[in-house]
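Please open the model in your viewer and keep the selection tool at hand. The tour below moves from one selection to the next.

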Amino acid sequence: MRLPLLTLTAIVTLFVAADASAQTYDPRYPVCMHKFTGGGGGLGGGGGGGYFDCSFTSLEQCRATASGLAASCDVNPYYAFDQPPPRPRKRHKNVY
């Protein structure tokens with residue numbers, strides 16, 4: 001009886017874990033807006049939450065959209081900024 005119960009528990013755990021989705025940033029846009037939602041307020045604080053909308057090309061564009069909302073704009077940490085290629089390394093000739 002223990003083995004079927006353990007098997008069932010393992011299967012249920014896998015299905016529950018599979019539903020959890022990690023929040024991702026869109027690496028195609030340099031700016032993200034963090035929109036705050038809910039929260040319960042009150043004396044005990046509250047969990048609150050939110051989501052990220054990474055569809056902005058500038059901080060100004062994001063700030064205009066976030067104006068009047070419970071939101072903040074930040075640089076996307078996963079945006080691939082144009083970086084110069086690394087300098088070529090010097091090759092040393094082996095002299096024996």
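Is cysteine 32 buried or exposed? Select cysteine 32: its relative accessibility is 2%, so it counts as buried, a word used here for residues under 20% relative accessible area, with exposed meaning over 50% and partly exposed in between (1.4 Å probe, protein chains only).

Before going on, note that this is a predicted model, in which local features need pLDDT of at least 70 and side-chain atom pairs count only at pLDDT 80 or more, while totals for chains, interfaces and linings use all residues. Residues are numbered from 1 along each chain as its sequence is written, and side-chain values use heavy atoms, with hydrogens and water left out.

Next, add cysteine 54 to the selection, and you will find a disulfide (a pair of cysteine sulfur atoms within 2.5 Å) joining it to cysteine 32, with an S to S distance of 1.9 Å. This bond links distant parts of the chain, 22 residues apart, since cysteine 32 sits in strand 1 (residues 31-37) and cysteine 54 in strand 2 (residues 49-56); helices (H or I, at least four residues) and strands (E, at least two) are DSSP runs, numbered from the N terminus. Looking along the S-S bond, the link of cysteine 32 and cysteine 54 is right-handed, with 105° about that bond. Cysteine 54 is buried too, at 7% relative accessible area.

Now move to cysteine 62 and cysteine 73, which are joined by a disulfide with S to S 2.1 Å. Cysteine 62 belongs to helix 2 (residues 59-66) and cysteine 73 to strand 3 (residues 71-75), so the pair ties together parts eleven residues apart in sequence. The torsion about the S-S bond of cysteine 62 and cysteine 73 is about -90°, which makes this disulfide left-handed.
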